[in-house]
Amino acid sequence: MLQIQIANLTSSWDRWLCPQGTQGKLEDLQNRRIAHFLIMMALLGVPIVILSVRSVASAAISLIGTLAMVGVIIVLSRWQHVRLAAWLCIIVAMLMISFNTISTLTPIMVLAQVTAMAFPIVTAGTVFGARTCFAVAAFGTGLLLITLQMHSSLAPLPLLDQSRGYIAPLLYMTCAIALGLRGFQRALRAADRTEELSALNQQLAALLQESEATRQELHLVMDTMLESLMIFDAQGELRYINRAGREYLGKDLEGARQSTQQPVRMTDMHGHVINPEEYPIAQTLKGVSTHSPTTVRCYFPQQKMVIYSMRTAPLPAADGTIQGAILTIRDITRQTQHQQHLEILRAVAHICALGATELSITTDVLRLLVDKLHLGGAIIVMLDHEREGYARISGHHFTDTFPEVVREQHHQRVTTNPISPVANSTALRTIATGVASFDAPILEAEEFHLSTVPLCRDEKIWGALVCCYEPSQLLDPIVPDFLASIAEEIVGALQRTVLYEEARQMTYLDPLTGLHNHRAFQDMLHHQVATCTAANLPLALVTVDIDEFRYFNAHYGHQNGDRALRMVADCIRHMVRDGEFAARYGGEEFAIILPTMGMERAAELSQLILQAVAQEYFEVTTSEDAEPDTTMLTVSVGYAVFPIHASAGSSLVKAAELALHTAKRAGRNLAVGYNTMLLEETMPLFSANTAQMESEVTLPTGADLEAVQALVAAIDLRDGYTAAHSEGVSRYAVAIARAMHLSTEQVETLRLGGYVHDVGKIGVPDNVLRKPGKLTDEEWIAMRAHTTMGEAIVGRMEQLRHLLPLVRWHHERLDGSGYPDGLSGNAIPLLVRVLAVADVFEAFTAERPYHPGRTAMEGLMMLRREVQTGKMDENIVEHFARILFEQGIISAESAGERDILDAA
């Protein structure tokens, strides 16, 4: 405002009279005003001087002198020497007053003298201040009095005494001097204010200069920033943008202002759209604090997606209101995408490193890509080695948004058309040419695009990776180098799986026969049992053993024995179908797994193998000079079916081996299927008469014989009496169950329950378990705990959990006097009551350290006493008594005792 006022007061004449210097505008104004005052005073003094001279010539000289003085003042003022011009005016005025001669001393002349005298006084007071003004006034007054005296004919100083006419001029001179002093005061005040304004002007100029320098530095700093910086006013209009912002937008401030007003689709990093009123700058202008920095995705019209990191800060006014906001924007698109790509590559590498099969690798990798890249689907196409020149789908993963029709058409197009550079499938063309294809629209669904890269390793094409997506749904654009890196990881992992599978197959093959080895057989059996169990399907197992192979090796040598093994293996290999698994199970033993097959296929295959081996005439030589000898090999075959004959893989093997051993005992060169009589022949109830039993017995279903045998062996290690006792209880319980016509499953449950019912004695201390005498109360408590400890042991085995009631409750009694739970009556299960009878009888009749063995008759009498006291089930005891008499356990000589017992 001060500059504007100065500009309004300064005219063109002022600028010409005293041009602007280098000391500031306020000092120039003061100099111009002084020059105006000097010129005006000089010109006003001309008529007075003219009146005081005696001739025209003097007047002309005075006029010329005055004009010359005015010219000198103008010249000096233009040179910025105004004070020098003031001194010149004062000196000239004094000289003119001194040398003027007044012919007639009249009041007018005196007035002229006084007026002339006032000129230097006022000039001195105005320009130079009080001291100079007083000095000039004193000197001028004295000079005036001397001049008046010199030109007066009166006595010295007559003005005060003789003439009143001079009083008025003297008073006028006094007033002139007073006016000069008053002018001096005003000029002094103006000068003081001018000096203050000059100082303020200097400070303001310094501040303006400093502000300008700061502004330039600030602009330089903002223009060197990598981030785009924008300043908005309170209405959200762009007021400033730095160089980075202008270069990015390619526009000036006005163009950038218009571009910020255009609609921009902004989303967060998860793809959720942000409304314009929720933009960071809008939130800041509203006074809502925002989390900084804010990372967003911006989709500009006719531009690619850009990821920004935004920081906002309000610009508060003095009253605390927000008058604007600063927005800094950093383009982190490449950085963010690079970081995301690294994370995805790490995840892909992790999957590829852990994946053991082609299916697991392709499935997990494609699921990851679809999820992380927001694809509609992804496919891996591999070369089909079974059909040369064709491809196959190795893995695929699609979202629900991808059209099912397009998926099926793509699958059919890939698998039914040959690989060719002109094929109607992008994947086939990529495999044929090794050239990637990006962002190609799908003909059947134009909203979806395809990007395909080859799976290439060591200049060999393995297949192609196909990504299907909607461009509008992608959070990040498809980067070719990124897809190529993923393809490289995938093909590396697939190559490792091929090598691994080849190595695994080598470890699973028997080097002599070329069939699978024992390890491969066990893995396949475990897998097929689990598969058939889940699908409720049968599984047959055939075992083959070469007859008299030890004799063959000893007689003809191991070299001929190896040839014999290869010959039998070839026969088996030609007899099995696709999907059936043949392996060399042992030295001269082979096994064939028949998934989903029953007894019919097992019997058929067994006969085919017998015939094929029997038809092979085998030439052998015992030495180089001997004539070759022709012999014929035979094999024995046994087979069983899961889950009819066994409920676990190990039990199935035992059943098939049991059938095989039966075939060998029956004369060899036979095929025998597992049946119910085989187990009875190997596990007799009462040695001599077991073969007469006709009840059907099978291997336990839902149990594992190896687990039972391990428990029995553990019991035997602790106490041989306990192991023998368990075996006897098992035989007695099975006999009672058959006599009562219980089901096959119940018979097998009692068989196994008899073996494991005392397994809890493993945890009983030796001094208690083997004590020959009577137990103390504390020892009896420890002994009774074997029921609960046995339950804890058996309960850990899934196959034996159905035996838990027998293990825990076999000491329960009908009258409630048993332990551990004090059950009574029908609360005790039937099988538990049967086992209790067998347990008590065997314990009473067997020889123990603490008592000798009793006879069967004594045991039966004891059981009947237990019935009379309400502890045992009478029906079960009577069935057991009938068995004892029928099988001669109680001899004929005891008939009289039998009648007594019956009568009792």
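The following conversation concerns a predicted model and its sheets, nonpolar cores, helices and salt bridges.

Reader: Let us start with the sheet that contains β9. What is the strand order there?
Author: The model is predicted. In this open sheet of five strands the order is β9-β8-β12-β11-β10, and the pairing is antiparallel.

Reader: Which strands are at the edges?
Author: The edge strands are β9, residues 391–398, and β10, residues 437–441, and each of them pairs on one side only. From one strand to the next, the twist averages 20°.

Reader: How many bridges join β10 and β11?
Author: Three bridges join β10 to β11 (residues 449–457), in the antiparallel sense. Ala440 has Leu450 in β11 as its bridge partner.

Reader: Which helix lies across β8 and β9?
Author: That is α14, residues 404–416, which runs at about 160° to β9.

Reader: And the seven-stranded sheet, what is its order?
Author: The order is β2-β1-β7-β6-β5-β3-β4, in an open sheet with antiparallel pairing. Its edge strands are β2 (238–241) and β4 (273–274). Helix α12, residues 333–354, packs on this sheet and touches β5, β6 and β7. The direction of α12 makes about 125° with that of β6.

Reader: His341 caught my eye. Where is its place?
Author: His341 belongs to helix α12.

Reader: Is His341 buried or exposed?
Author: His341 has a relative accessible area of 11%, so it counts as buried, the cut-off being under 20%. Leaving aside residues up to four places away in sequence, His341 touches Val479 and Phe482.

Reader: Changing topic: which residues touch the most other members of the largest nonpolar core?
Author: They are Leu750, Val837, Leu863 and Phe880, in a core of 45 residues. Helix α30 gives the largest share, nine residues.

Reader: What does Val837 touch?
Author: Its contacts include Ile736, Leu863, Met872 and Phe880, not counting residues up to four places away in sequence.

Reader: Which residues does the second core include?
Author: This separate core has 33 residues, among them Leu515, Ile546, Val568 and Phe590. Val568 is also one of the buried residues of helix α19.

Reader: How far apart are the end C-alpha atoms of α19?
Author: They are 26 Å apart. This agrees with the expected span, because the 18 residues of α19 should span 26 Å at 1.5 Å a residue.

Reader: Now the charged pairs. How many salt bridges does the structure hold?
Author: The structure holds 19 salt bridges. One of them joins Asp364 and Arg367, with the closest N and O atoms 3.3 Å apart.

Reader: Why are Asp364 and Arg367 separated by about one helical turn?
Author: Because they are three residues apart in helix α13 (residues 358–373). In general, an α-helix has 3.6 residues a turn, so residues three or four places apart point the same way.

Reader: Which residue does Glu548 bridge to?
Author: Glu548 forms a salt bridge with Arg668, and the closest N and O atoms are 3.0 Å apart. The pair links distant parts of the chain, 120 residues apart. Glu548 is partly exposed at 41% relative accessible area, and Arg668 is partly exposed at 34%.

Reader: And what about Asp821 and Arg808, how does their exposure compare?
Author: Their side chains meet in a salt bridge of 2.8 Å, N to O. Asp821 is partly exposed at 34% relative accessibility, whereas Arg808 is buried at 18%.

Reader: Which residues are linked in a network of salt bridges?
Author: Arg577, Glu580, Arg601 and Glu604 are linked in such a network.

Key
Residues numbered from 1 in each chain as written. Predicted model: local features only at pLDDT ≥ 70, side-chain atom pairs only at ≥ 80, totals over all residues. Heavy atoms only, no water. Pairing = 2+ DSSP bridges. Helix = DSSP H or I, 4+ residues; strand = E, 2+ residues; numbered from the N terminus. Axes fitted to C-alpha atoms, helices over the stretch in contact; angles between N-to-C directions. Contact = heavy atoms within 4.5 Å. Core = buried A, V, L, I, M, F, W, Y, C linked by side-chain atoms within 4.5 Å. Buried < 20%, exposed > 50% of the residue type's maximum accessible area, 1.4 Å probe, protein only. Expected span 1.5 Å × (residues − 1). Salt bridge = Lys/Arg side-chain N within 4 Å of Asp/Glu carboxyl O.
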